[in-house]
Amino acid sequence: MGDYEPSLPVSEKSNPLTCDIDRASAESIVKMLHRCDVQMFQEESEGTYQRLLSDQVVKTLAEVAKRAELILKDPQDSLVVLSGCGTSGRLAFLIAARFNRALRQLKQNPVYSYIIAGGDRALLSSQEAPEDDPKLGMLSLKKVCEGKKRVLFVGISCGLSAPFVAGQLDFCLQHPEVYTPVLIGFNPAHQARDEAMPGCTFTFHSVVQRMQEHANAFLINPAVGPEAISGSSRMKGGSATKILLEVVLSAAQAAAFSRTPVTCNGIVQHIGAHKRTVDVTYSECEGIAALVEAAGRSLQGGGCVCYLGWGSLAVLSLMDASECNPTFGADYEDVRGFISGGYAELNINEGSLTSLGPDFCIAHEDFLHLLLPRLTDKDTVLLIYTHCDDVGDVLKLARRVREKMVNLHAFYHQADGDTSAALQQVSIHQSLFLYIYVSIYRSVYVFFLLQDDINKLCLSTLNITWPAAAMPFCRQNRTLSSVSVPQQWELSTKLVLNAVSTGAHILKGKIYQNHMIDVQVTNSKLYRRATRLLQRLSGRPGPQCEEALLKAIYQVEELTGDIPSCDITTHTHKARSRTKVVPAALVCLLTGCSLVEAESHLKQRPIIREAVEELL
């Protein structure tokens, strides 16, 4: 990995494992994704970058966990803030919400807060422009932490590149008496972006250098290998972010309330549990491939994919759906997510966002009233839940959908518990716990009856079963559990949904080799990524590639007037109203045709390779 495409940061390299993923079948796509995800846990070898299980990374995780432990033990005027852009910010929300919920169950006051560039609307839709504003990042952090005397700040930027996060880290470094800054990313420090940011005298690279020199700042930046789809950090970058945050905060919470000291060995074991989660998930390759195939057929035929979820798994479905628009240039209706309970269950800072438009209507009731009447058999609906959720409610919704269409599928988790063995371990004097175990036994029996009815309504059912010994109890038995839904279920769900949405868009033709060719050029990071991508795929010089990109953005055959001298912000603002700018630019570069010819061929041949081959 160190020598492969040496001019590119690790997070932007193309993965040799997936160079022909755009020609692969659904099952082959899933197998390729599995091999890529396993790379997260590879051991460090001589001459490569530090990895997830490298000694220095583990030691830093332990140190940060101890800082979090201090705040949990003495939370007065203290806060742990998780912040990021896009996927990173969505994960910050998910994890802050879950660990605050665990604290409430322990009769403790919440100490976790989240920040996402663009505010809460960015949890559900792409809000790229705020990512480029370091001052906005600083102001948002300052507002959240007003009046606090001690703050552990965790900024997440997978490529060590987001100006929004750089502004926050710079502010922390200027106020060390209050803030302890932590940066999570997946590039080596020297690959941090070293470009000027609007209104700033510093770069992300200079911020990283200052953090390395600061005794009270922490850099957690293991390399997890190139993404399966080049630059798509929502995938491995997002999964590794979730793993790192959960490892740190779980260790801190156990130390603060269970008298389990933070140790490097404990950190390693927790990471190992996540590795097993990846293995268990992909052991169901055939079932995942069936979902990819169904979703792919829907997108190819002009249909849509709808996720109907419960609990935190529904939050992950909302996240996955929101990422399809900027990643693949998809319409917001192509992949939609809905959550049981709507905004009341989501419980975000800004409350309900339904007034912002139909794409912010996220409750199951919204699906029933707004989408279901328009669905046909060319669309795909996927139910996402666990055996701890209200499976009776799942069955009712499945019946409503099945009345309208046949393309219904289910994906659920359950614990494979030997209930009788568990009962034998309970002392006869522990009548309360005996009652709870009997209740669980009855609920499992009812679950299987209901699940059998759901299976009969669905074209396919993906069931991932987990060893009961590793599972905390369900949300109905909160007194026995510090988390409502196991971390394993969440990570597993993320992997499956990433595979479904990515695989479906691959089958639709949105990927060229293993590159996100139809990416929306809506901020400086994506503008530079698009220029590099065109250069890499066409073999043409950088200036010629940028010229082709600008022609596609401004819809002109020749660049005239002030266009070449405008700054990137002006270009990205213009690009927000355009579609297929990168594919059109690439076709022009590869074939020498005009922009009009390129756009015409792409309308007839949306799969980029086919359009290029036909023109050549």
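Two strands are said to pair if DSSP finds at least two bridges between them. In this predicted model, that criterion yields an open sheet of 5 strands in the order β2-β1-β3-β4-β5, with parallel pairing. At the edges of the sheet stand β2 and β5 (218-220), each of which pairs on one side only. From one strand to the next, the twist averages 20 degrees.

The β5 edge may be followed in detail. Strands β4 and β5 are joined in the parallel sense over 3 bridges, and Ile-184 stands opposite Ile-220 in β5. Helix α2 (residues 55-73) lies across β1, β2, β3, β4 and β5. With respect to β5, α2 runs at about 125 degrees.

Helix α4 (residues 134-144) also belongs to the surroundings of these strands, since its buried residues pack against β1 (78-84), β2 (112-116), β3 (150-156) and β4 (179-184), as well as against helix α5 (163-174). The buried residues in question are Pro-134, Gly-137, Met-138, Ser-140 and Leu-141. They cover an arc of only 165 degrees around the axis and therefore lie on the same side of α4. The spacing follows a general rule: an α-helix has 3.6 residues a turn, so residues three or four places apart point the same way. The face of α4 turned away from the buried side carries the exposed residues Lys-135 and Lys-143. Lys-135 also takes part in the capping of the helix: Asp-133 caps the N-terminal end of α4, with a side-chain oxygen 3.1 Å from the backbone nitrogen of Lys-135.

Another buried position is found in helix α16 (residues 487-508), where Asn-498 is located. Its relative accessible area is 5%, and because buried means under 20%, Asn-498 falls in that class. Not counting residues up to four places away in sequence, Asn-498 touches Arg-234, Met-235, Asp-320, Glu-323 and Gly-503.

The cysteines remain to be considered. The structure holds 0 disulfides. For Cys-458, the reason is one of distance: the closest cysteine sulfur, in Cys-306, is 14 Å away, which is too far for a bond, given that a disulfide requires sulfur atoms within 2.5 Å. Cys-458 counts as buried, at 10% relative accessibility. Cys-264, by contrast, is partly exposed, with a relative accessible area of 32%.

Notes:
Residues numbered from 1 in each chain as written. Predicted model: local features only at pLDDT ≥ 70, side-chain atom pairs only at ≥ 80, totals over all residues. Heavy atoms only, no water. Helix = DSSP H or I, 4+ residues; strand = E, 2+ residues; numbered from the N terminus. Buried < 20%, exposed > 50% of the residue type's maximum accessible area, 1.4 Å probe, protein only. Contact = heavy atoms within 4.5 Å. Arc of directions from axis to C-beta. Polar contact = N/O pair within 3.5 Å; in protein donor to acceptor, adjacent residues only side chain to side chain. Axes fitted to C-alpha atoms, helices over the stretch in contact; angles between N-to-C directions.
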